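Visitor: I would like a close look at one part of this model. Take me through the details, then show me how the rest compares.

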Amino acid sequence: MAFYTARYDAGFKNAIGCESQKDLLKYFLEKTLDLSIEELVLDPKELEKPNIKIKTKTLDVLVKTKTETINLEINNGYYNSLPIRNFAYISSVFSNSVFKGDDYLDTKMHIQLNITWGLGIEKDIKSCYMMYDKDNNKCYCDKLKIIEINMDKIMNMWYYGDKKKALEYKYFLMLDLEPKDLDVVCKGDKMMEKYKEKIEKLNEDPEFIEVVSKEKDAEMVHNTLIKEGYEQGISSRNIEIAKNMLNKGMDISTISECTGLSKEEIEELKSK
């Protein structure tokens with residue numbers, strides 16, 4: 001029987017990124033970002049948009065602390081436009097925050113933490129991006145930072161390399177391990193053991209399994225789109241993928257996020 005981990009949005013949101021698990025989310029962010037967080041508030045996940053023609057952006061997890069705004073994105077696969085998509089998300093959060101503020105100098109540090117599968121083991125485990133002029137050694141804006149974690153390399157290290165080294169990244173490692181390995185990684189850490197208990201309990205919940213199964217199916221369809229779309233034409237292929245997903249009974253929001261089609265366009269396909 002399949003064991004669904006936190007590499008899927010539903011797994012992460014229900015096991016860590018939710019109000020009932022806020023203490024675990026705080027702990028996770030403190031450890032992975034090396035922060036000290038006094039208090040943490042979960043924000044609504046749908047970003048404001050200035051007009052109806054701009055696609056609605058749905059965040060995985062958005063939290064605010066006294067000194068930071070943190071957008072956490074779970075990327076269960078990599079494709080060429082993913083960095084653009086993620087940058088659009090954090091840019092929207094940043095611009096909304098700046099325009100609402102009274103003083104630009106008081107703007108909080110904005111961090112996007114991308115936990116990404118599909119980067120390949122050749123790339124670094126951790127990359128940090130800022131608006132920076134490398135030639136002149138100058139930072140244009142020090143209020144925006146994007147951190148990307150290469151889960152492929154961490155998981156490969158655990159299964160095929162140096163497990164002791166892999167444990168240095170145990171807070172990420174735990175997100176994609178099954179019960180037997182979770183026992184090893186989480187043992188002795190109360191908060192990580194809490195995560196293990198929660199994700200195992202979720203895997204006994206038929207409703208959760210149904211949601212993640214659809215999410216996994218959507219990801220597989222999405223990966224097919226990425227592999228074949230460039231050869232067959234992105235626009236027409238997106239329509240075909242959307243039709244297939246509709247036939248599988250997937251919800252319109254998921255289809256929209258995977259294909260880039262608007263909800264209105266998908267509703268029109270549904271009526272045909």
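Is Thr-69 buried or exposed, and at what relative accessibility?

Guide: This is a predicted model. Thr-69 has a relative accessibility of 1%. The cut-off for buried is under 20%, so Thr-69 counts as buried.

Start with its place. Thr-69 sits in strand 3, which runs over residues 68-75. Its contacts, leaving aside residues up to four places away in sequence, fall into a short list. Leu-62, Val-63 and Lys-64 are on it. So is Val-93. Lys-108, Met-109, His-110 and Ile-111 complete the list.

Now the setting. The chain has 272 residues, and 46% of them count as buried. Its secondary structure comes to 12 helices and six strands. Take the contacts with a separation of 6 or more: 58% of them join residues 24 or more positions apart.

Helix 8 is next. It covers residues 190-202, 13 residues in total. At 1.5 Å a residue, the expected span is 18 Å. The end C-alpha atoms are 18 Å apart, so the model agrees with that value. The buried residues of helix 8 are Met-191, Met-192, Tyr-195, Lys-196, Ile-199 and Leu-202. Viewed down the helix axis, these buried residues fall within an arc of 150°, so they line one face. A general rule fits here. An α-helix has 3.6 residues a turn, so residues three or four places apart point the same way. The face of helix 8 turned away from the buried side carries exposed residues: Lys-190, Glu-197 and Lys-201.

The N-terminal end of helix 8 has a cap, Asp-189. A side-chain oxygen of Asp-189 lies 3.1 Å from the backbone nitrogen of Met-191.

Lys-198 also lies in helix 8. Its relative accessibility is 25%, so Lys-198 counts as partly exposed. Lys-198 touches Asn-14, Ala-15 and Gln-21, not counting residues up to four places away in sequence. Lys-198 and Gly-11 are 187 residues apart in sequence. In space they are 9.7 Å apart, C-alpha to C-alpha.

On to the rings. A search of the whole structure finds five aromatic pairs. One of them joins Tyr-4 and Tyr-8. That pair is edge-to-face, with 6.2 Å centre to centre and 75° between the planes. Tyr-4 is buried, with a relative accessible area of 10%. Tyr-8 is buried, also with a relative accessible area of 10%.

Tyr-159 and Tyr-160 form another pair. Their ring centres are 6.4 Å apart and their planes stand at 55°, so this pair is tilted. Tyr-159 has 40% relative accessibility and counts as partly exposed. Tyr-160 has 69% and counts as exposed. Elsewhere, ring pairs link Phe-12, Phe-28 and Phe-172 into a cluster.

Two lysines sit over rings. Lys-123 lies over the face of Tyr-78, at 5.4 Å from the ring centre. Lys-163 lies over the face of Trp-158, at 4.5 Å from the ring centre.

Back to the starting point. Thr-69 in strand 3 is buried at 1% relative accessibility, whereas Lys-198 in helix 8 is partly exposed at 25%.

Definitions and conventions. Residues are numbered from 1 along each chain as its sequence is written. This is a predicted model: local features need pLDDT of at least 70, side-chain atom pairs count only at pLDDT 80 or more; totals for chains, interfaces and linings use all residues. Side-chain values use heavy atoms; hydrogens and water are left out. Helices (H or I, at least four residues) and strands (E, at least two) are DSSP runs, numbered from the N terminus. The expected span of a helix is 1.5 Å times one less than its number of residues. Buried means under 20% relative accessible area, exposed over 50%, partly exposed in between (1.4 Å probe, protein chains only). The arc is that of the directions from the helix axis to the C-beta atoms. A polar contact is a pair of N or O atoms within 3.5 Å; within protein, one must be able to donate a hydrogen and the other to accept it, and residues adjacent in sequence count only if both atoms are side-chain atoms. Rings of Phe, Tyr and Trp (its six-membered ring) pair if their centres lie within 6.5 Å; planes under 30 degrees apart count as stacked, over 60 as edge-to-face and the rest as tilted. A charge sits over a ring if NZ of Lys or CZ of Arg is within 6 Å of the ring centre and within 35 degrees of the ring normal. Contact means heavy atoms within 4.5 Å.
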